[in-house]
Structure formats: structure tokens, C-alpha cells
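Here is a friendly walk through the model you have open. Have a look at it first, and then we can go through some of its parts together.

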Amino acid sequence: MQTLLDQLDKGTLWRSPGGIHPPEVKFLSNTTPISQLPLAQEYLVPVPQVGENCTLAVKVGDKVLKGAPLTQGTSIWHLPVHAPTSGTVVAIEPRASNHASALPVNTCVIAADGEDRWCELTPGSIELSNQEMIAKIHGAGIAGMGGAAFPSHIKLNPVSEIELVIINGVECEPYISADDRLMREYSQDILAGIAIIHRLLSPKRIVIAIEDNKPEAIKAMQQAVSQSTLPAGSTRVTVIPTKYPSGGEKQLIQIITGREVPSGAIPAKLGIVVHNVGTAFAIHQAVTQGKPLIERVVTVTGQNVGKPGNYWLPIGTPVEHVLKQTEFNAEAEQKVIIGGPMMGHALPTIQVPILKGTNCILVPSSQEIGITPEEKACIRCGECANACPALLLPQQLFWHAKAEEYDKAASYNLKDCIECGCCSYVCPSDIPLVEYYRIAKSALKQAADEKHQAERAKLRFEARIQRLEEEKLAREAKAKEAAARRQATMTSTDKNAVTEAMARIAAKKAAAAEATTDNATVEVVFADTSNTEAPKGKAAVAAAIARAKAKKAAQGADDAESSKQAFSSESSEPTVQAESLSQKDKVAAAIARAKAKKTALKADSDTNGDTEATVNANQPVAETATSTEADDKKAKVAAAVARAKAKKAAAQQAELSDMAEVQPEYAKQESGSDVESRNELGSAAELSAPLSPEDEKKAKVAAAVARAKAKKAAAQQADSSEVAEVQPELVTEAKPESGYESDSATEPSAPLSPEDEKKAKVAAAVARAKAKKAAREADALSDSNE
Amino acid sequence: MSTMLIAVILLTLLALFFGVLLGFAALKFKVEGNPIVDELEAILPQTQCGQCGYPGCRPYAEAIANGDKVNKCPPGGTATMEKLASLMGVEPEPLNAEAQSQVKKIAYIREDECIGCTKCIQACPVDAIIGAGKLMHTVLTADCTGCDLCVEPCPVDCIDMIPVGQNLKNWNWRLNAIPVTLIQETPHEEKRG
């Protein structure tokens, strides 16, 4: 019984299942040496390319040298991206991606300066420690060059013991010859890279696998191996028969070792690591010369390319530039395919960059590619199952994928499909099987993501419930403790103090009630000064009702005597109290009220929502800013909230009184004061000028308390017959004052500071929202009453 | 006579023995909760949005287990309703609310308008909003379930529900197949030579 190593040394090969023999067409591109193309004007470097969390190391306008890193990442999965040439960063913005979807991704656009000047490189040598070497490879941003672009430094730093390293030079996909040419021309460099891999992984054997359709490459590699400094017998070139898809990682392992990589596992589990020849070359460049991965060999081929061949293309070169330089003649409905004809994807646009995993640009003529044949019914011939290299049942997968029974498809190991396209290739019914699998796979992935999300949400929800419970318990315990402490320390004198304080508060409340009366009067006056606006929504009506209520109530509360006395004293109040009471009270209250009203109005009538409302809210702001002192944000917010609440309560109150049959009077009152009160805001806002912040705040709080009281009183009053008598009085008494108020409305306005504006904006927004809510409630109430 | 007595005694003893056995088994192998609730809960989308009228997905799962209707979960849509119906063995019924569009949305706070009131933080069922009093708040997009519960309490209306855009990660392959047709291979032997 031979060991695996013996068999490797002998070059024993195993048969891999399935596979096909499509026409290779490599002759188009593999006859000329790898050459350079002129520099492009612009390079599109997606940031990040591999790994997600990173920060940009450059900003727009920066000059960068060739090889300078553009991103910095902290995660081990992140690969830095480097400038492909020297030039200026002209934009960092979303651009179309080199992906079948061409969805925009964040891209760093570098305008080349034509000098192509390298930044300072720090060459290393084979003497570096393993960790330093891996750091160098990580820093150079080396990703797997075979197509998947997996970060190489992770594969070079495995947790388990590696016995076998396979260097993949198979390149089984038709048309592509990039690795073939690289092996022919740079075999020494590849071997140097392999030596570094040998140093890092110290495997027992290294096998360089090459398909037998590349005799020159095989010869070159064998020669390089014989000249290399690697331990004798540790490295060999194994020639494998040409078959698609032998170059797949799992397929290649099966051919070389006869072992199958378990489903869902990685080859490292078997002690095997596979690297592409291009990756070995890039590792050599990075370690010995310090050059980051900024260019790669790309096959540009197809019958519609004038100069097919292999080119060193900087990562980020636009495909458009490449095609222009290689004399591409577009035909109608020209397809440009990234990758080979079997596994590649057609590009929706050619303004996309070359990436680290891009090995081929295929521009076939219509003869080569033909028209898409019509899909016919599956005849269950089983050809696809014979061709499948992963030993799946493609027709079964197709069946379930087509019926969108993705969980059933998953139970047939859909995730092990490598999307090689063999099944589609052999299908006599021209069914695009791989397309179905891709759709099914993305649907499954989405379902899995959702499931994961739901799990997380559930955990977080439960954690929150628990936290709230704990907080509640803690609060209760604390309250209990505090109560006990108070009980213990409280003396009889304290108790007296409390009663005294209560008495003081009661006295203050009475005084405040008077202030409310005054405010209410002022409001009506404002209303008179301006009356150009058309009648609006219910919010305003509700607000007006509220005001009227407050007024009425205030009178009632104010005067404990008969209604006659109430309005006789009322008529004298405006003049007396307007001076005796601090003007500040009125102003503060009016500002908030006015704002609330105006915004409520807007919110009700306009459908544009936020934008317009914000614009409108700025209006009062501009005027408020005429005040010389800074607006007290808190006080304003508090006042606005109080008012909105008062309004809400009043709206409910109005409905109650409707039922009490005093509605006619209210209606009159409303239409009188409310319609006119729209523009009140302007004048009201300007009145804020003479306030000091503390006074303002105090006054506002007092006003809010008073209003609440007034409303309560109003509730009691609503039913009484007094109401009818009070109403007309109010309206008439309000008129005479209009002259005084309109004077103040003409106050000059001054430019406002940003802070003031912001504060005022916030206050306005709060007031607006409150008013909206109040209006909504009023609506609902009136609806239900009807 | 004695035979009958023996029989009676024997049967009584047997009855006692089995009674004790059953009683012990009932305590020892007691099933905590209703296992169907867990299965139902696993189907529900865990947005914890409360649109079913219950405070969270688990309470609704319990309600379904107790005979409530299966059509009260708009975020789950028809697919969830059908799964619930098949699990409960009841007829599927149309959703009682307008099913939400299948576009997933997440909350976004316009940060310069946020006044730092913490109301949305209290409303969020999954603690996906961070911030503190009088300081700007923001939504952890990875944890937002799009339940909408934070929109209503915001006093300044600065929360928007924004549809999650497509990116390379969640893009659905609808690729046109690249058909491969056999062409005549014309070897360029002279070139190779």
C-alpha cells in the first residue's frame, strides 16, 4: 500500500467526476508575450475591495504615488487597496461595479499624471520572520488571483498543519491564457513565490498542477523547479489531463490526491492549501521587492478584439480603456464578458474597473456566442447529472428552484454547486440551469439572513424586557427606601413648613389665573390686526375654541361674583392689566401660541409634509430673533408643550359643551376671532424683544399653569347661562386694542445668529408637532360626536 | 368469599400503585409551557411591532396557540400566515391588515433635527436606537427591524422609514445566461510554430 506522499511523488492521478470538454480557443491569446498598454486617463479603484471595515487614507485632491495605500483597515479580513499609478484623487464616489449587477460601489477615481512614479518601496528578503512576511503580504493587499479574491495572508497562516500545497496552474476555462503566459515568462519569479509559501507553511510536498494543453508552460516550470533552491523532491510539476472544470479547488484536490473535500468544509481541514500561480508571483513581488498588488495579467480575447493577448493591467483600469487600446470593434448587441465563457458574467456597462480577481475580458463575436436559444422543457435525460463535477442532481435542483421550493433545493445540497456551468452546457433542452441555481442561492441566502436577523431581534427584545423589569424593581426599592428615610427624619416643624408652602402655592395660582385672562384678551387683539388669510383647517378652529374657553374660564375664576360684574370688570382690565402685569407673560405665551397655530394650520392643509413646514417654521424664527438676548430654548419648549396640551384639553372641552347646547355662541366666537387670528404669529413673535431669559421662563411656566387651571374652570362654567352673555362682551372689548398691537407688529427685524435659529427651529418643530396631535384629537372627537 | 376479597385487595393495590406511578410521572416529566408556542414563535418575523395587538411576537404566538386568528401579522405577510395556518391546522385567511410591501425598511433619524428627547429609545422594542437625553440619537441599522414604533412618539417628526437599498450583498441574480455554442475550431498551427 503506497502512502499518499508516494503517490504524489509518482504523479498518480485520480479521476474527478463529471466535467466537459468545451472548445478551448486559447490560441487567440496565448501566442504573444504579455505586454503593457498605455496609461489610462483615469483609474477607478473600488474602496474597499476585499473586507468591509476600513477607513480611507486619502481625500479628494490628494496627490498619490503609484503603490501608495488608499485604505487602512483594522480587520484581519480587510485588504488594503493601493494606487495603481501616480496622480491625483479627483473623486471618491459611487461608481458602477465590476459585477453582473453593476450596482454602484464606493470608488476612488485617480486621474493619472502620466509619470507613473513609484512611492518608496521597502524590499524584504527571505530572511524575514514568518510573521513579518505575512504582514508584508497582508500589507501588499494580495488576494487569490484565480478569481475568488480570497485574502492570501489568511490562507498562508492556517491554524492546522498543512501537508500539501497545490499551486494551481490548470486554467481550465476556455479562452483564458493569463496563467499560461505568466508561467512561460516568469517561471523563476513564480518559483521564488513558491519558496516563500514553502517557508511559511512548511508542507511535505508542493505540487504544481498544469493541464496538458500548455506544454510550454510545463517545460518552463519544470526547468525552474530543477534550478530552484527548494529541497529536492519537495516540489514537482504534475501534468493533468485537460478537462473542464479541473481548475476548481475541490476538483483539483480530488484529481491530485483522490480525496474529497467535505461539504461545507475548507481544504485546510484535509491539510491541503491551493494557491494560484498568479498569487505565488504576487507574493514574490511583495516580499522581495515590497511591491503591492497593483497590476495583474489579464487575457483580452474574443474575435471582436483586434489585438487579442495578455496584458499587464493595473487594478482599476477601466474596461473601456482596455478595449479601446486593443482595437475592439463593437457589433450590435455586443457582449463584454468578465471571466471566461463558462463562469464569467456579462457587463451591463464597460465603465467598470479591472479587479484583483479579473483574469479575462472576453469580447466574442455573434458567431462565437450565438443567440440565446429558447428554453425547452426538461426531458429528464440525466446528462446534467453525468456532467456535474460536484456529483449533484442538477435536474432535481432545477425542478425545485423553478418551483421556488428553495428549501427542498437546499436539501439536495444546492450550496455545493460551484456554478461551473457544465450542466447548462450539456443540456439538450438549452435550460440555463446555473441561472436558476444562482437565483435559488440568493433567495436562500436572503432567507438565512432574515432568520438570523429575527433571532437577533428576539434576543434583544428579551434582553430589553428583562432590563426594564430590573429597572422597575430597582426603582421601587429606591422609592421605598427614600420614603422610609423621609418618615424617619420628618419633624413637626417640617410639617408646618409644608402646609405653609401649600398655601403659598395656592395664592400664586390665583394670581396666575388673572394673568391668563389678560393673555386671552391680547390674543383676540392680535387676531384683529390681521385678517387676510383664508379660513383653514380644524386645528385652527380647535385652537380658537381653546382660547375662547380659556378666556371665559378666566373670567369665571377671576370673578367669583355674578356674571354682570364679570364683564364689567373685564372691560376695564385690558387697559389696566396690560400695564400692571408684566408684558413678558403675554409675549411669551403669544409666541408659542402663534407658532403652534401657524404650523398646525400648515400641517393640516399641506400635503408636502416636512419641507414646507420647516420653511414656514423659519418664518417666526426670523422674527423672534429680533430680540437682543438669546432665546431660552428650554423655556420655549416648555411653554409650547403646555400650550399644545391646553389646546388638546380645550378641544375635548368644546365637544362637551356642544352637548350642553351652547354651541351657537361658540360658533360665532370662533368665526370672529379665529379666522382673523392666522397672522397673529407675526406680530406676536416680534413682541419677544424686551425679555430677559429668566423672566421669560418664569412667566411662561406661570402662564402654562394658569391656563391649565383656566381650562378646568371653563369646564365648570360651560354649562352655565353666563356663557352667552360673556361671549359678545369679549369680542367687543377686544377690538379697541388692535391699534396698539399693530404698532408692535411693525417692529424692525434684524439678521439672526445660527444658534438662535436652531433653537427657535427646535421650539417651532415641537410646537408644530404638538399642535398637529391636538388637532388630530379634536378631529377625532368631533367625528365621534357627530 | 376469600377469593373475592383477594381480588378486591389486589385490584386496589394495583390501582394505588399505578396511581402513584402516574402522579410521579406527571411531576417528573412535566412539560414547561406549550411546545407549539415555540414553533409558532419561530415562524413569526420577530419585529416585535405589536401590529397584531399583542405586545410582541411571543404573546401573539401564545394567543394563536390559544385559538386566536393566524392572519394578524402584517410584517410576515402571506407566507408567514400560510405557515402558521398549516402548523395550526386551520384554513389560511387573508391578512386582516394591508400586508406591508415586501420592501424592507429601516428607521433613520435626521440627526440635526433630533432634540434628544429619548422617546424613540423608549419605544424601540429591540434597543436599536442609541443616544442620551438632550443628545443626538441614531439608529443601529443592523439591529433595526423596521417595526415603525419609533416614528409615532417622535415630537419633532425627525424619523423616516427608509427602504433598504440593493447592494452587492443582497442583489438577486437575474443574470442572462451566457450561452455557449460550439464553433469550428480552426487551429492556428502556423502561428504557434
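A good place to start is A:Pro48, which sits in the loop between S2 and strand S3 (54-56) of chain A. Helices (H or I, at least four residues) and strands (E, at least two) are DSSP runs, numbered from the N terminus. The peptide bond leading from A:Val47 into A:Pro48 is cis, with omega near -10°. A cis peptide bond also joins A:Tyr244 and A:Pro245, where omega is about 0°. A:Pro245 belongs to the loop between strand S10 (235-240) and helix H7 (249-257) of chain A.

Before going further, a word on conventions. This is a predicted model, in which local features need pLDDT of at least 70 and side-chain atom pairs count only at pLDDT 80 or more, while totals for chains, interfaces and linings use all residues. Residues are numbered from 1 along each chain as its sequence is written, and chains are lettered from A and ligands numbered from 1 in the order in which they are written.

**The two chains**

Chain A holds 27 helices and 16 strands, and 48% of its 786 residues count as buried. Buried here means that 20 or more other C-beta atoms lie within 10 Å of the residue's own; with 12 or fewer a residue is exposed, and in between it is partly exposed, the C-beta atoms being placed from the backbone. For contacts in chain A between residues at least 6 apart in sequence, 80% link residues at least 24 apart. Two residues are in contact if their C-beta atoms, placed from the backbone, lie within 7 Å.

Chain B has six helices and four strands, arranged from the N terminus as α-α-α-α-β-α-β-β-β-α. Of its 193 residues, 24% are buried. Among its contacts between residues at least 6 apart in sequence, 55% join residues at least 24 apart.

**Strands of chain A**

S2(A), the strand before the A:Pro48 loop, takes part in an open antiparallel sheet of four strands in the order S2-S7-S6-S4. Its edge strands are S2 (42-46) and S4 (63-64), each of which pairs on one side only. Strands pair if DSSP finds at least two bridges between them. S2(A) and strand S7 (residues 104-112) are antiparallel and share five bridges, with A:Val45 opposite A:Cys108.

Now turn to strand S8 (residues 164-169) of chain A, where six of six residues are buried. In a regular strand the side chains alternate between the two faces of the sheet. Both faces of S8(A) are covered, with A:Leu164, A:Ile166 and A:Asn168 buried on one side and A:Val165, A:Ile167 and A:Gly169 buried on the other. S8(A) pairs in parallel with strand S9 (residues 205-211) over six bridges, and A:Ile166 has A:Val207 as its bridge partner there. Five bridges join S8(A) to strand S11 (residues 272-276), also running parallel; in S11(A), A:Val273 is the bridge partner of A:Val165.

**Helix packing**

How far apart are the axes of helix H5 (residues 187-201) and helix H8 (residues 277-289) of chain A? They lie 7 Å apart, and the helices pack at an angle of about 80°. Axes are lines fitted to C-alpha atoms, for helices over the stretch in contact, and angles run from 0 to 180 degrees between N-to-C directions. H5(A) is therefore roughly perpendicular to H8(A), a term that covers angles of 65 to 115 degrees.

In chain B, the buried residues of helix H3 (residues 57-65) are B:Cys57, B:Arg58, B:Tyr60, B:Ala61 and B:Ile64. Seen down the axis of H3(B), they fall within an arc of 160°, so they line one face of the helix; the arc is that of the directions from the helix axis to the C-beta atoms. These buried residues pack against helix H2 (35-43) and helix H4 (77-88) of chain B. H3(B) is followed by B:Gly67, with a positive phi near 105°.

**Loops of chain B**

B:Pro74 lies in the loop between H3 and H4, and its C-alpha atom is 8.0 Å from that of B:Asn96, 22 residues away along the chain. Three loop residues of chain B are partly exposed, as tabulated here.

| Residue | C-beta neighbours within 10 Å |
|---|---|
| B:Pro74 | 19 neighbours |
| B:Asp127 | 14 neighbours |
| B:Asp157 | 19 neighbours |Phi of B:Asp127 is near 50°, a positive value in a residue other than glycine, and B:Asp127 is located between helix H5 (119-123) and strand S2 (129-130) of chain B. For B:Asp157, phi is likewise positive, near 50°, and the loop in question runs between strand S3 (138-139) and strand S4 (159-163) of chain B.

Note on methods:
Angles under 35 degrees count as roughly parallel, over 145 as roughly antiparallel, 65 to 115 as roughly perpendicular and the rest as oblique.
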